[in-house]
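Here are a few exercises to work through with the structure open. Try each one before you read its solution.

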Amino acid sequence: MSLTIEQIKDRCPRFRILVIGRRNAGKTTILKKMCNSDGSDLRIVDRNGNKVDPSILEPDRQRGMSDIENEITFRSNPLFVFHDSRGIEAGAEHDENSPLCTDSVWEFLDKRSREPRIRDQIHAVWLCIPMDNQRAPSSEFELAFFNARASPVPVIAVFTKFEALIDEAYNDLPEDDLSDTEKEKNASRDAQLKFDKTVRKAIENTAHPPDQVTDGMPLDLNDERTGCRGLSEATYAAIQDVTLSDLFAMAQRSSFQVGCLKVMESIM
Ligand SMILES: Nc1nc2c(ncn2[C@@H]2O[C@H](COP(=O)(O)OP(=O)(O)O)[C@@H](O)[C@H]2O)c(=O)[nH]1
Ligand SMILES: [Mg+2]
């Protein structure tokens with residue numbers, strides 16, 4: 001039986017997402033996009049509800065500054081709350097090829113799945129896999145996560161920085177007299193084919209593949225008004241619980257409305 005909006009908000013006021021990925025994978029960027037925020041309204045509180053300086057999420061800050069228990073929110077959309085795994089590279093220098101050390105992530109997920117109240121549980125995991133990694137598209141280090149064990153909550157593999165694959169495909173195009181537009185179209189097509197044949201296939205062949213995989217669609221970083229449609233659809237499809245999928249849809253709609261307002265403001 002479906003609950004009313006008030007009943008859902010009463011049971012679980014916020015959709016809680018854990019975002020995993022190495023440094024510079026594009027984690028903060030997708031959170032901002034999802035909430036239609038420019039980042040200025042970002043707020044972090046620690047496990048005791050104390051305010052934390054948001055600059056700890058800036059790309060050049062060292063690991064150890066951030067705690068997976070910290071709650072990240074954006075005033076533009078209070079229906080989402082995020083946790084950031086940052087600092088999971090095993091290498092001291094955050095080498096992009098160093099393996100991910102995900103023990104703390106599994107520990108956190110297990111602990112949260114034992115929380116008696118649905119509002120304290122994690123409702124979905126986004127694992128960000130950047131396509132500009134030197135070893136992309138093999139992404140073997142992130143694949144280790146899917147080989148390790150089954151997750152207690154839905155996992156969505158999110159491919160970030162997809163334009164790196166398109167740039168590569170563009171450089172590999174044969175010499176011919178096509179227009180730039182045609183070339184860009186062909187590069188997009190080739191990048192998608194390569195992605196399907198390599199990354200997507202490798203992920204599907206892991207021991208515990210993700211519940212959903214986002215399409216390889218580059219984010220329009222310059223357009224603050226567009227959300228992450230592919231990621232929203234993949235997340236919605238991965239959620240099994242009716243209350244949680246209703247809550248996610250509500251959170252989604254709220255971001256969409258913020259986006260519409262920004263568009264209106266920009267043209268008035
Ligand atoms: N070209 C491109 N750059 C991106 C993308 N996503 C993030 N970035 C850039 O990569 C850098 C690191 O992103 P950030 O979201 O801070 O990564 P985090 O460390 O995982 O939170 C920032 O300069 C972003 O602007 C993307 O999809 N494409
Ligand atoms: Mg970040």
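**Exercise 1.** In which sense do β4 and strand β5 (residues 77–84) pair, and over how many bridges?

*Solution.* Keep in mind that this is a predicted model. Start with the pairing: β4 and β5 run antiparallel, with two bridges between them. Next, look at the connection, where two residues separate the strands of this hairpin. Finally, pick out a facing pair: Ile72 sits opposite Phe82 in β5.

**Exercise 2.** Find the pairing between strand β2 (residues 42–45) and β4, and name the bridge partner of Ile44 in β4.

*Solution.* Count the bridges for β2 and β4 and you get four, again in the antiparallel sense. Then go to Ile44: its bridge partner in β4 is Ile72.

**Exercise 3.** Are the residues on the two faces of strand β4 (residues 71–74) buried or exposed?

*Solution.* Recall that side chains in a regular strand alternate between the two faces of the sheet. Now sort the residues: Glu71 and Thr73 go on one side, Ile72 and Phe74 on the other. Check each against the cut-off for buried, under 20% relative accessible area. All four are buried, leaving both faces of β4 covered.

**Exercise 4.** Describe the shell around ligand 1 and its polar contacts.

*Solution.* Begin with the shell of 12 residues, the closest being Asn24, Lys27, Thr28, Thr29 and Glu163. By type, there are three nonpolar, four polar and five charged residues. Helix α2 (residues 27–34) gives the most, with three.

Now go for oxygen atoms of the ligand. A backbone N or O atom lies 2.8 Å from one in the case of Asn24, and 3.0 Å in the case of Gly26. From Lys27, a side-chain N or O atom is 2.8 Å from a ligand oxygen. Last, the cover: ligand 1 alone exposes 580 Å², of which the protein buries 74%.

Note on methods:
Residues are numbered from 1 along each chain as its sequence is written. Chains are lettered from A and ligands numbered from 1 in the order in which they are written. This is a predicted model: local features need pLDDT of at least 70, side-chain atom pairs count only at pLDDT 80 or more; totals for chains, interfaces and linings use all residues. Side-chain values use heavy atoms; hydrogens and water are left out. A residue is near a molecule or strand if one of its heavy atoms lies within 4 Å of it. A polar contact is a pair of N or O atoms within 3.5 Å; within protein, one must be able to donate a hydrogen and the other to accept it, and residues adjacent in sequence count only if both atoms are side-chain atoms. Accessible areas come from the Shrake-Rupley method with a 1.4 Å probe; for residues, only the protein chains shown count as cover. Ala, Val, Leu, Ile, Met, Phe, Trp, Tyr, Cys and Pro count as nonpolar, Asp, Glu, Lys and Arg as charged, and the others, Gly among them, as polar. Buried means under 20% relative accessible area, exposed over 50%, partly exposed in between (1.4 Å probe, protein chains only). Two strands pair if DSSP finds at least two bridges between them.
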